[in-house]
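Work through these exercises with the model open. Try each task before you read its solution.

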Amino acid sequence: MSDPLLQTENLAKRFGGIVATDDVTLAIAPGELHAIIGPNGAGKTTLIAQLSGQLTPDAGRIRFAGHDISALPVHRRSHLGLARSFQITSLFLDLSVLDNVALAVQARAGHSFHFWRNARRERDLREPARAALARVGLEARANLPASALSHGEHRQLELAMALAGNPRMLLLDEPMAGLGPEESARMVAMLRELKKELTILLVEHDMEAVFALADRITVLVYGRVIASGVPADIRANAQVRDAYLGEAEHG
Ligand SMILES: Nc1ncnc2c1ncn2[C@@H]1O[C@H](COP(=O)(O)OP(=O)(O)OP(=O)(O)O)[C@@H](O)[C@H]1O
Ligand SMILES: [Mg+2]
């Protein structure tokens, strides 16, 4: 592999008696779409939270773009180009689609959040916000309140918010969650486009999407990596089928 863009070494995180992240060592190459799969409670969201800086690991290191980011706060990591989107929606439904993205631009720019009222008028926030909306195909919806969007469009909007700071790498936690087949297909097409320009870590239960998009897949079970490799190897791995894929494929 060329020098990894993101790397973890022996990452560990416990919640009381639960080992949510158990000695996780991962390397993600620039330009790769790397999927993390595994059963509910396997530690996927906990891993993303440690990569983005929301959670502090108990042990281990994280490197991104040549920096040791293990101890950096969220905003420093985002300035280095590491952006996350959330499994749980975090939109301002009364604000316009454009203003939601403008707030994300402002947050990345490091201004204090309570100046948000001014954000609406600031061209230097709105221009990058429009560009991010265009990347996810939502520019025609820019002036609607976020509450007017469909569930699938909300996920596109969240993606635009993650793109607002022009990141090098996106951490995506279940972008297909709750989407119908058509909306999922649109999200897959969008991620396929973004993957040409960005490195992506994708946590997802939708195996059709994962196998359509991933260059490599890592399987977590009880916080531990049980397999990591190209999709064909993961599909053929008996331990993975027992722990997760068999179950996922049969509903
Ligand atoms: N803040 C917390 N406090 C205590 N336990 C937690 C906390 N966050 C997660 N856990 C536990 O850590 C384990 C891993 O949870 P996590 O949410 O990372 O799993 P996941 O793989 O994202 O699951 P899902 O597929 O359902 O989203 C679970 O046992 C969960 O109950
Ligand atoms: Mg999760």
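**Exercise 1.** Are helix 5 and helix 6 parallel or oblique to each other?

*Solution.* Note that the model is predicted. Start with the two helices: helix 5 covers residues 123-135 and helix 6 covers residues 151-163. Next, take their axes, which come within 8 Å and cross at roughly 130°. Now apply the cut-offs: over 145 degrees counts as roughly antiparallel, and 65 to 115 as roughly perpendicular. The crossing angle of roughly 130° fits neither class, so helix 5 and helix 6 are oblique to each other. Last, add the hand: the crossing of helix 5 past helix 6 is right-handed.

**Exercise 2.** Find which atoms of Asn-40, Gly-41 and Glu-174 lie by an oxygen atom of ligand 1.

*Solution.* Take Asn-40: a polar atom of its side chain is 2.9 Å from a ligand 1 oxygen. Gly-41 uses its backbone instead, with an N or O atom at 2.8 Å from an oxygen of ligand 1. For Glu-174, a side-chain N or O atom is 3.4 Å from a ligand oxygen. Then check burial: ligand 1 alone exposes 630 Å², and the protein buries 62% of that.

**Exercise 3.** Describe the shell around ligand 1: which element gives the most residues?

*Solution.* Count the shell: 14 residues surround ligand 1. Gly-41, Lys-44, Thr-45, Thr-46 and His-205 come nearest. Sort by type: five are nonpolar, seven polar and two charged. Then sort by element: strand 2 (18-28) and helix 1 (44-52) each give two or more residues. Helix 1 gives the most, with three residues.

Methods. Residues are numbered from 1 along each chain as its sequence is written. Chains are lettered from A and ligands numbered from 1 in the order in which they are written. This is a predicted model: local features need pLDDT of at least 70, side-chain atom pairs count only at pLDDT 80 or more; totals for chains, interfaces and linings use all residues. Side-chain values use heavy atoms; hydrogens and water are left out. A residue is near a molecule or strand if one of its heavy atoms lies within 4 Å of it. A polar contact is a pair of N or O atoms within 3.5 Å; within protein, one must be able to donate a hydrogen and the other to accept it, and residues adjacent in sequence count only if both atoms are side-chain atoms. Accessible areas come from the Shrake-Rupley method with a 1.4 Å probe; for residues, only the protein chains shown count as cover. Helices (H or I, at least four residues) and strands (E, at least two) are DSSP runs, numbered from the N terminus. Ala, Val, Leu, Ile, Met, Phe, Trp, Tyr, Cys and Pro count as nonpolar, Asp, Glu, Lys and Arg as charged, and the others, Gly among them, as polar. Axes are lines fitted to C-alpha atoms, for helices over the stretch in contact, and angles run from 0 to 180 degrees between N-to-C directions. Angles under 35 degrees count as roughly parallel, over 145 as roughly antiparallel, 65 to 115 as roughly perpendicular and the rest as oblique. A crossing is left-handed if the near helix is turned anticlockwise from the far one by less than a right angle, and right-handed if clockwise.
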